[in-house]
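Here is a walk through a molecular structure for a reader who has not seen it before. Please look at the sequence and the model first.

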Amino acid sequence: MSARLSTLPILSADDALVALRDAHPLVQCITNAVVTNFTANALLAVGAAPAMCDLPGEAGVFASVANGVLINLGTPTAEQREAAREAAAGGAPWVLDPVAVGVLPVRTALARELLDAGPAIIRGNASEIRALAGDGAGGRGVDSVDGPEAARDAARTLARTTGAVVAVSGERDLITDGLRDVRVTGGSALLTRVTGGGCSLGATMAAFLGVTDPFSAAIAASALHAAASEIAASVSSGPGSFATAFIDALASVDPSALVAAGRVTDDVREGAQQ
Amino acid sequence: MSARLSTLPILSADDALVALRDAHPLVQCITNAVVTNFTANALLAVGAAPAMCDLPGEAGVFASVANGVLINLGTPTAEQREAAREAAAGGAPWVLDPVAVGVLPVRTALARELLDAGPAIIRGNASEIRALAGDGAGGRGVDSVDGPEAARDAARTLARTTGAVVAVSGERDLITDGLRDVRVTGGSALLTRVTGGGCSLGATMAAFLGVTDPFSAAIAASALHAAASEIAASVSSGPGSFATAFIDALASVDPSALVAAGRVTDDVREGAQQ
Amino acid sequence: MSARLSTLPILSADDALVALRDAHPLVQCITNAVVTNFTANALLAVGAAPAMCDLPGEAGVFASVANGVLINLGTPTAEQREAAREAAAGGAPWVLDPVAVGVLPVRTALARELLDAGPAIIRGNASEIRALAGDGAGGRGVDSVDGPEAARDAARTLARTTGAVVAVSGERDLITDGLRDVRVTGGSALLTRVTGGGCSLGATMAAFLGVTDPFSAAIAASALHAAASEIAASVSSGPGSFATAFIDALASVDPSALVAAGRVTDDVREGAQQ
């Protein structure tokens with residue numbers, strides 16, 4: 001794990017958002033062609049400075065100055081695969097988003113290779129996390145057929161073997177470091193009707209890595225997306241207007257909404273029993 | 001043509017939309033960098049599950065499980081060209097969108113090669129269809145200088161020689177299998193002021209290939225886009241808000257709007273006379 | 001510089017917009033993956049016909065018929081770098097947008113090489129222009145740490161040594177040909193919270209190259225974006241809705257808003273003193 005990480009404080013989700021908006025962390029994204037625009041706008045909205053620097057020969061240079069890095073395997077071209085290796089070794093804390101890993105051979109091989117490079121956070125849906133942990137055959141493309149709880153054991157195992165925080169996204173998000181489990185509740189089903197909901201969540205986690213530790217970062221990002229999607233759903237009339245309102249909400253959501261009653265539940269005891 | 005296709009029923013446009021929203025077909029897209037996001041959101045809005053899987057070594061694997069595939073030649077990188085060949089041979093019914101074919105040599109050569117791989121549907125504007133049929137020199141980039149009727153003979157010839165349904169998009173869409181011509185009327189000129197209108201139409205056709213035969217699929221997709229763009233135009237104040245409202249409308253349009261009076265006109269006699 | 005340019009008239013910003021909407025110039029873009037969609041929609045909104053033709057073997061062919069070309073170095077893949085060289089030699093007047101040049105080696109080398117190919121306009125933020133002129137070490141990714149005036153001397157030098165008009169974007173834009181300085185005032189800070197604001201401005205300059213000389217084109221595009229972003233800010237509630245409203249405003253803004261009092265200030269005397 002990056003030496004830089006060790007100096008960052010543990011923060012509650014609301015305090016982390018305040019810190020993020022104040023720090024404007026530089027976030028490098030190596031991500032898929034479908035969501036680059038939405039992801040960059042989401043990062044700008046939360047207060048980060050995004051840079052989609054994904055070229056061999058540049059990605060490592062940039063990662064050496066970035067505050068957080070996202071490596072998303074949605075459409076990993078040959079150049080992006082090489083850039084991902086450079087960025088993972090660049091020194092900044094980074095998030096691995098193993099999109100559609102399992103059935104598809106190119107990204108699956110790369111994801112396994114990148115695990116050895118020490119991601120700070122691994123974010124995926126239940127199928128992706130299970131496939132990465134060697135449990136199950138993966139989902140139907142980017143869809144997950146199961147909810148996060150079905151991947152709980154796989155997530156814990158993956159966290160323990162890699163040292164990463166593992167975040168399983170779904171109707172109720174599960175975040176674990178292998179011992180401690182936190183759930184984040186809320187959000188809107190409309191976020192699953194827009195491409196980039198999960199991908200931008202990984203990017204937001206990378207942004208929070210610029211201001212807090214990986215466990216706090218994964219929780220704060222999940223709570224922020226849940227709160228912002230609730231606001232967006234309340235003012236939109238379909239997936240198109242929801243996507244627009246979601247970006248607006250990321251920029252304007254009150255930090256207190258991230259720690260609303262029942263939003264973040266910490267289940268240390270249950271995790272420690274295993 | 002794919003063996004899977006033979007088992008799918010002929011459906012009217014309204015019934016096809018009901019079936020599509022129920023089936024959530026898995027749609028693989030190899031498409032251009034300009035419209036990936038808009039296309040994925042359009043597919044999610046109509047009820048499909050999009051996957052922009054366009055890597056060599058993965059595209060064929062994915063096509064073997066997809067319910068429909070789009071191969072759009074808007075910005076065909078070397079990796080996408082190889083992936084397109086894999087996907088065309090993957091076994092799923094697929095749509096060819098020969099963007100800007102004619103003047104530009106790389107995509108023109110690939111489009112001709114792909115014709116031999118048996119697309120279920122070929123969708124383009126009049127200039128593209130004429131160029132692909134060897135009639136005319138192609139348009140001005142993605143623009144077409146002529147309307148669909150100017151490409152009627154070329155479309156019929158192309159349908160007869162390839163076995164594909166040919167859909168010529170324009171103010172009034174023309175869909176032909178070489179014998180039978182159907183026109184789809186309606187829509188909004190605002191759809192031509194937004195990038196991805198035509199490209200997302202090809203993707204929607206690929207989605208309908210998951211629930212009905214190619215002729216019905218091309219008609220249903222054209223009718224859906226026409227109806228949704230009318231709704232969107234009625235609530236928008238420019239191309240930006242139109243694009244957002246169009247996605248909303250794709251998700252909410254009542255199936256009956258696809259078969260409103262005068263929307264779909266079937267001209268069997270005229271086609272059979274030739 | 002392109003022979004075609006010599007026949008184009010000097011136009012005020014309002015007259016240039018009228019001419020642009022009438023001429024529908026064909027604009028080729030070799031640009032980054034983050035902003036292709038937003039850029040194409042911005043070009044369609046201003047009345048241009050965009051084509052993101054960025055393949056080796058096609059880019060030069062297309063540039064020979066385009067009315068203006070944008071070469072943006074945001075995410076220059078190997079294929080795009082080759083295509084950029086082809087397009088720069090294609091004969092159409094072109095805009096160079098040296099995104100994040102300075103620290104990142106691949107794009108920096110390409111930018112310097114392309115300077116010798118004779119861009120009509122160079123557009124960047126202060127850090128990029130200073131880095132390209134050999135003055136300063138570049139910014140923090142796409143961010144600029146300084147305002148345009150800090151790059152005034154570098155911009156003038158770059159203009160004189162390359163023969164290009166240099167446009168430095170910021171809160172108050174600076175446009176210079178090395179002797180004459182023009183400032184364009186206005187706009188909205190929200191444009192900096194949306195990705196593609198600067199990139200689409202470069203594309204709009206390429207569109208204006210189809211109807212007027214480079215100096216007039218750079219001024220008109222800057223004034224158009226300033227005016228449109230003011231309109232958009234007045235009707236939006238965050239960066240998401242601002243982006244949508246900005247596209248609407250590009251399509252509907254009254255030409256007179258481009259020459260509102262104080263918008264464009266011409267400082268010939270100051271420039272000539274140097």
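The paragraphs below take up one chain as a whole, then a single helix, and then how two copies are related.

The model is a predicted one. Chain A contains 11 helices and nine strands. Its C-alpha trace extends about 40 × 40 × 40 Å along the principal axes of the chain. A compact globule of 274 residues would have a radius of gyration near 19 Å, and the 17 Å of chain A agrees with this. Of the 274 residues in chain A, 68% are buried. Sequence separation can also be read from the contacts of chain A: among those between residues at least 6 apart in sequence, 73% join residues at least 24 apart.

Helix α4 of chain C gives a local view of burial. This helix covers residues 78-88, and its buried residues are C:Gln80, C:Arg81, C:Ala83, C:Ala84, C:Glu86, C:Ala87 and C:Ala88. What covers them? The cover over the buried residues of α4(C) includes three strands of chain C, β1 (26-30), β3 (68-72) and β4 (94-97), together with the helices α3 (59-63) and α5 (105-115) of that chain.

Chains A and C can be compared by superposition. A turn of 120° with a shift of 0.0 Å along the axis lays chain A on chain C, with an RMSD of 0.0 Å. The two copies are therefore related as by a three-fold rotation axis. In chain A, A:Ala33 has the C-alpha nearest this axis, at 3.8 Å from it. The surfaces that the copies use are different: of the contact residues of chain A, 12% recur in chain C.

Definitions and conventions. Residues numbered from 1 in each chain as written. Chains lettered and ligands numbered in written order. Predicted model: local features only at pLDDT ≥ 70, side-chain atom pairs only at ≥ 80, totals over all residues. Helix = DSSP H or I, 4+ residues; strand = E, 2+ residues; numbered from the N terminus. Rg over C-alpha atoms; globule rule 2.2 N^0.38 Å. Buried ≥ 20, exposed ≤ 12 C-beta atoms within 10 Å, placed from the backbone. Contact = placed C-beta atoms within 7 Å. Least-squares fit on C-alpha atoms with pLDDT ≥ 70 in both.
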